[in-house]
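The questions below go through a few parts of the structure shown here. Each is followed by a short answer.

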Amino acid sequence: MESGGLKVYPYQSYEVYGLSRNPFEQLASEGIKDVESIHVYQEIDMRLQMIVSEVIGNRSSIALSIIGPLGMGKTQRLKTIAKAIEEHRGKALYVKVDTHDILKLTRDIFYAIKPPKSRTNIFLENLSRKLGFIDRLEKMLSDTQEYKSRDIAELLTEQMSRFPYCAILLDELENMQGASEKEKIQFFEMLRHFISNMPEGCIVAFACIPEVYEEYTKIFPAFFMRLHYEFKLRPMSLDEAYELVKKRLNRVRVKDTDDPLYPFTEDAVRLIHRLGRGNPRQTLRLLHYVLTEAAKHRFDPIDDFVVTTILEEPKSLDEYLTRIPKEYKDLVKAIVFEFNGGPASYIQIAKVVKKPGVQVYESLNELVRLGFLVGDPGGNYKVPDYVRKFLEEGQGQKEEY
Ligand SMILES: Nc1ncnc2c1ncn2[C@@H]1O[C@H](COP(=O)(O)OP(=O)(O)OP(=O)(O)O)[C@@H](O)[C@H]1O
Ligand SMILES: [Mg+2]
């Protein structure tokens, strides 16, 4: 909405489609609990499953990287590894890199080891403090001059060896880009030592966007050569996009249907997949928007024509007016031609169209909900900005209506 005030719109219903809600709203893996129910399996997932089996079954130790542009499913994969390790009573450290301060980052990794404090833990902590573990660590993390990559790695190995299985999962490694070259080397050197000396049954995995990953590999080839696997995520195929849509819809269906894509047609999904370039998050974002808009207008089914109508802004004033539902056309025309696009109050508009104020008021709010008009807290209505542009370009000459 354009105006500052908060406006509460009527509850959006997906009942028309037999859906309890819009299933495409979650665009990041972080908030999704049962990832399996919505995950679309690609080759990388089979390989990851094999790696996890190898680690659990043979107590192998494996280091890998997952590289892919924003929204391509990196976090979702790391979360899957974490879950598998935890299901086998292992310890998975999932750390989202949110700093280029290697001292903080290293501290975040160690802090992730500690389970919530219980009496025993406090006891152990005191014990290890006595043994000097925390003191040694804190000293090395007090200043980058003190950062001893090898010693820190050894402390980490020591801590992780206590678990039957373990994983260190570093997400969004690109956020470390701002560290100085020296610091990056110190940090990767620490990881290199850890990997050379991994506990049994351990997975080290990190996720990064391609541009930054390449930069890192140049600075520190010795580290990256040590990785057992490098997975580059690829866009989803059309078939995978169908599956994505089916799985997400399936979770919110309250009415049975023979067509698992319903309310979307195959053509609609094909178009959205193309517009989203096979990127899962882009595709989900478009699906979310199209479903929201389609539900408002009760378009049923949602075919490629509906998708085009929703995603494309009208290119002219005529096109805009054509899209307005008939019963409201006189109101919008009044705003456009009598008030030059507005703002105008519902009373002013009601006078022009010669209809009862209450009815006009309700219709105007419906038009706002449909996205054809913008309302403000003062109770005025106007056309959206893209329509105003047409008016400024001189298309808004008064005509008969
Ligand atoms: N293979 C897949 N199957 C189903 N959904 C997927 C798949 N890959 C990604 N998604 C969905 O796409 C969205 C983005 O995924 P995710 O957050 O894992 O991407 P990311 O690469 O970590 O993004 P960022 O770089 O922004 O951190 C999520 O909603 C996730 O559920
Ligand atoms: Mg992510």
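**Helix α7, the ligand shell and a sheet**

Q: What covers the buried residues of α7?
A: This is a predicted model, in which local features need pLDDT of at least 70, side-chain atom pairs count only at pLDDT 80 or more, and totals for chains, interfaces and linings use all residues. Residues are numbered from 1 along each chain as its sequence is written, and chains are lettered from A and ligands numbered from 1 in the order in which they are written. Among the residues of α7 that are buried (20 or more other C-beta atoms, placed from the backbone, within 10 Å of their own) are Phe187, Leu191 and Phe194. The cover, by contact (C-beta atoms, placed from the backbone, within 7 Å), includes β1, α3, α6, β4, α8 and α9.

Q: Which elements give two or more residues to the shell around ligand 1?
A: Of the 22 residues around ligand 1 (C-beta atom, placed from the backbone, within 6 Å), Val40, Gly73, Lys74, Thr75 and Pro280 come nearest. Two or more residues of the shell come from each of α2 (74–87) and α12 (280–297).

Q: Which strands are at the edges of the open sheet?
A: Three antiparallel strands form this sheet in the order β6-β8-β7. Strands pair if DSSP finds at least two bridges between them, and two bridges join β6 to β8. Serine 345 stands opposite asparagine 380 in β8. Pairing on one side only, the edge strands are β6 (344–345) and β7 (374–375).

Notes: Buried ≥ 20, exposed ≤ 12 C-beta atoms within 10 Å, placed from the backbone. Helix = DSSP H or I, 4+ residues; strand = E, 2+ residues; numbered from the N terminus. Contact = placed C-beta atoms within 7 Å.
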